[in-house]
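Happy to walk through this one with you. Let's take the terms in turn and see what stands behind each.

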Protein chains: 2
Amino acid sequence: MAVDADFAELKQRLRTIEDLRCAEQVLLWDQSTYMPEGGAEARGRQLALLSSMGHDRLTDPPIGKLLDSVTPWAEAQGTDSDEAALVRVTRRDYERAIRVPSSFMRKLSEHTSASYHAWQRARPANDFATMRPLLEKTVELSRELASFHPGYAHPFDPLIDLAEDGMTVDAVRTLFAELRAGLVPLIDQICARPAADDRCLHGDFPEEAQRDFGEIVVRSFGYNFECGRQDKTAHPFMIKLGRGDVRITTRYRNDDLSDGLFSTLHEAGHAMYEQGIDGALDGTPLFHGTTAGVHESQSRLWENLVGRSLPFWEYWYAKLKAAFPSTLNGADLHAFYRAINKVSPSLVRTDADEVTYNLHVMLRFDLELEMLEGRLAVADLPDAWRARIKTDLGVIPPDHRDGALQDVHWYGGIVGGAFQSYTLGNIMSAQFFAAARRDLRDLDAQIGRGEFGPLRGWLTEHIYRHGRKFTAPEIVERATGEPLSIAPYLSYLNNKYRPMYGL
Amino acid sequence: MAVDADFAELKQRLRTIEDLRCAEQVLLWDQSTYMPEGGAEARGRQLALLSSMGHDRLTDPPIGKLLDSVTPWAEAQGTDSDEAALVRVTRRDYERAIRVPSSFMRKLSEHTSASYHAWQRARPANDFATMRPLLEKTVELSRELASFHPGYAHPFDPLIDLAEDGMTVDAVRTLFAELRAGLVPLIDQICARPAADDRCLHGDFPEEAQRDFGEIVVRSFGYNFECGRQDKTAHPFMIKLGRGDVRITTRYRNDDLSDGLFSTLHEAGHAMYEQGIDGALDGTPLFHGTTAGVHESQSRLWENLVGRSLPFWEYWYAKLKAAFPSTLNGADLHAFYRAINKVSPSLVRTDADEVTYNLHVMLRFDLELEMLEGRLAVADLPDAWRARIKTDLGVIPPDHRDGALQDVHWYGGIVGGAFQSYTLGNIMSAQFFAAARRDLRDLDAQIGRGEFGPLRGWLTEHIYRHGRKFTAPEIVERATGEPLSIAPYLSYLNNKYRPMYGL
């Protein structure tokens with residue numbers, strides 16, 4: 001009886017924390033989509049208030065007592081039970097949160113909100129000077145945040161751990177080194193071949209037709225617009241405002257088909273993950289995707305493994321041509337397929353092809369580590385960026401816009417802990433897809449018929465529905481029968497790109 | 001010193017309450033504009049949470065102690081000082097709020113949110129049956145809310161007092177009887193004359209051109225889009241999401257020019273009031289318009305006294321014709337002026353002309369009082385509505401959509417306390433405008449030149465900037481030198497409509 005009452009009280013408290021968190025997301029969504037310029041200062045204060053209220057409630061000592069009270073009972077329900085998982089994950093969040101003072105969280109939220117707003121204007125204006133002191137402050141606050149969590153091997157492990165439970169600076173470095181060793185020879189060989197012709201992707205693509213086509217595709221994937229919507233932002237994202245309200249954003253370029261289309265598929269992948277979590281977990285910390293890396297595996301799976309595959313376009317290409325009758329330069333299916341998979345070292349991470357993409361991530365991971373360790377001053381970041389991207393990819397950004405200012409992460413959040421998850425996601429996306437193909441047998445043919453139900457069903461069964469019940473390694477092992485491995489990813493890239501480039 | 005610290009603490013607490021209130025407004029705005037269907041349940045819970053958090057903070061006993069501590073000092077700053085007003089208004093809010101249990105506020109907020117969402121679907125579907133039990137519950141909750149405030153002459157005085165400080169059921173009844181006595185003969189005489197021809201307002205008016213024209217006009221009034229924006233909703237409204245973020249909404253009918261245009265002018269009037277409040281009052285309960293009636297006087301002033309005047313269209317009509325080159329049926333300025341001022345008893349309050357409008361308000365005021373007093377069952381509301389509108393206006397609604405379901409108020413808020421302010425606003429709008437014309441001398445000529453700066457300056461000086469520092473009667477007396485009177489309003493209507501209808 002006492003345990004029942006304590007568990008009910010714990011869940012009631014967690015529900016309030018989740019509702020506060022969702023309210024904060026509404027304010028964030030509005031800030032990025034429709035908020036007028038003049039609202040920035042007040043919004044920053046409102047966001048900081050809600051964030052600190054959520055933090056105060058999570059760190060309220062009764063939470064710790066309630067957890068102590070219900071843990072033996074919850075564990076007795078079995079490791080895989082919702083109850084045991086709830087207690088496990090809540091304790092982890094609680095133990096992490098109580099180390100960080102509420103006043104710090106408030107200061108951080110106010111700062112990142114102001115910085116984000118400044119970045120929205122500074123990036124198009126190519127204005128690094130404005131962002132420099134803001135980023136310096138962000139680096140300082142990121143260090144301070146990490147410092148609240150002692151006992152890690154590397155002082156910035158806690159920032160990574162926040163996004164990827166159990167992952168460390170050392171583990172990421174090892175994995176990245178391995179992956180780099182597999183990628184660089186492939187990139188070198190592709191670059192020695194004639195470049196693919198992607199002129200069919202450039203032309204005049206009316207925004208409305210782009211939006212309509214993208215929405216038809218993601219609807220067919222299974223993204224539910226009655227519980228979602230799509231808006232435009234400078235930097236596309238997915239956001240959950242509550243159960244039944246998971247939104248995506250995108251951006252369009254009139255002269256470029258692929259930017260808006262693949263952003264939409266990508267964000268819909270994130271959104272379907274959130275939409276697919278078991279409703280029984282709503283109102284608890286389990287009602288979210290498990291880690292940033294697993295989340296990214298779902299967006300990349302739909303964007304790349306599905307959306308840039310030949311079977312996919314065997315079904316969709318005729319429809320695309322009908323949507324844009326006067327463009328695409330008469331490209332046939334195979335020419336189009338080659339165009340959307342053109343490998344070409346470039347400046348902007350989000351525009352990068354699958355093969356070079358991870359080098360962009362490694363660059364950011366290394367530079368942010370240098371900034372956090374104090375080996376790189378923010379003032380020197382643009383130069384360091386230019387030097388590194390020239391070495392890695394042979395290109396030089398002509399401005400800050402497509403250099404050090406290009407990603408929102410450092411300007412709208414902390415420095416450290418975000419970028420590695422993109423590459424972890426890529427690696428997992430191929431491992432999950434290979435397992436789904438093995439289990440479903442007919443997967444390529446299904447995709448070629450525009451049937452996405454079986455794939456989404458497999459993902460729901462093995463990944464989506466569990467929310468945060470399992471860690472990333474557990475999800476990988478359960479879904480694929482193997483521990484995390486770069487082999488399926490390298491094999492996917494080699495099997496796809498070697499024939500395409502005649503290697 | 002102790003007083004200084006207490007005043008600073010009081011202001012800090014009030015700032016938090018205001019920030020919570022604004023966060024709630026962001027959620028409400030989103031709920032009416034862009035939220036997908038599936039988000040309704042979670043949003044209701046989030047709104048209820050924020051609302052109850054604000055209520056808890058306002059009713060926190062230290063607020064009472066801080067008020068006691070700072071009152072003598074604040075009053076010593078002079079009755080008109082910001083400090084004295086802050087203490088006066090905060091004490092009023094506090095004394096009212098502590099009478100209402102937090103659990104009730106939460107229940108009310110959850111219910112009105114669910115009811116509002118149901119009404120958004122039920123009104124277009126003409127579905128009163130769905131709304132009936134919801135409205136019954138709203139009536140019950142409205143009664144319960146009133147019951148927390150004893151000591152009033154009429155049990156529903158507190159609901160009116162909430163919107164209109166010091167106003168009572170009896171006072172409203174007296175004022176309405178007087179006004180009705182002045183209006184009915186004018187309406188009867190106008191209806192005996194040939195109807196005005198308003199065909200020029202009907203045709204094909206592309207939405208985008210309507211929006212552009214409306215926005216140009218309200219920009220010229222002085223509505224600041226850098227601190228605001230306009231979106232579409234079923235029921236237009238103005239909402240403040242924070243300092244520097246005061247938004248309006250409107251709706252458009254492709255076949256009717258006046259609905260969208262005058263809604264926009266109306267809501268911009270509300271918004272300019274909020275945008276014009278002295279920034280020094282931000283973060284306190286003074287940073288809002290003083291009462292619903294004074295607010296409505298500002299929307300009606302810009303919509304009607306300015307926007308339906310002949311001088312206004314002497315400047316704008318050529319521009320309107322240019323915006324809609326293929327419509328307006330070749331109507332000349334005077335024909336257009338007669339069309340937008342056509343007096344014709346009709347079904348829908350928000351479409352009603354200036355002369356019959358107040359009879360719609362009186363109908364609602366009487367019916368809601370009957371529901372609250374238990375003399376009218378919700379089940380009988382549609383019949384009672386039909387009977388009353390037939391008696392007063394000679395028209396009969398063919399459905400619920402334009403009958404008892406037409407206004408959001410009873411379905412998205414409480415029953416009682418809202419409608420009387422529309423008529424109070426009309427009365428005050430004419431009194432303020434007459435005073436501005438007297439002070440500015442050249443007002444009609446300024447409006448005829450498209451110059452709204454002097455009028456907005458007068459309104460800012462006498463009304464906007466004060467926020468809630470003064471009550472409605474004080475504002476009227478200070479701005480016009482006279483107590484509230486229906487004389488300027490009846491004289492405005494008679495001077496405008498008698499010549500127009502050859503009376």
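Q: What makes up the figure for the area that chain A and chain B bury between them?
A: The two chains bury about 2,700 Å², 58% of it on carbon and sulfur atoms. Buried area is the accessible area (1.4 Å probe) that two parts lose on being put together, so the figure is summed over both. This is a predicted model: local features need pLDDT of at least 70, side-chain atom pairs count only at pLDDT 80 or more, and totals for chains, interfaces and linings use all residues. Residues are numbered from 1 along each chain as its sequence is written, chains are lettered from A and ligands numbered from 1 in the order in which they are written, and side-chain values use heavy atoms, with hydrogens and water left out.

Q: Why is the pair B:R43 and A:D245 called a salt bridge?
A: The term asks for a side-chain nitrogen of Lys or Arg within 4 Å of a carboxyl oxygen of Asp or Glu. The side chains of B:R43 and A:D245 meet at 3.6 Å, N to O, so the pair fits the rule. Between chain A and chain B the count is 6 salt bridges.

Q: How do you know that the copies meet through the same surface?
A: Contact means heavy atoms within 4.5 Å, and 36 residues of chain A are in contact with 36 residues of chain B. Of the interface residues of chain A, 100% are also interface residues in chain B, so the surface is the same on the two copies.

Q: What turn and shift lay chain A on chain B?
A: A turn of 180° and a shift of 0.1 Å along the axis do it, with an RMSD of 0.0 Å. That is the relation of a two-fold axis. The superposition is by least squares on the C-alpha atoms of residues with pLDDT of at least 70 in both copies.
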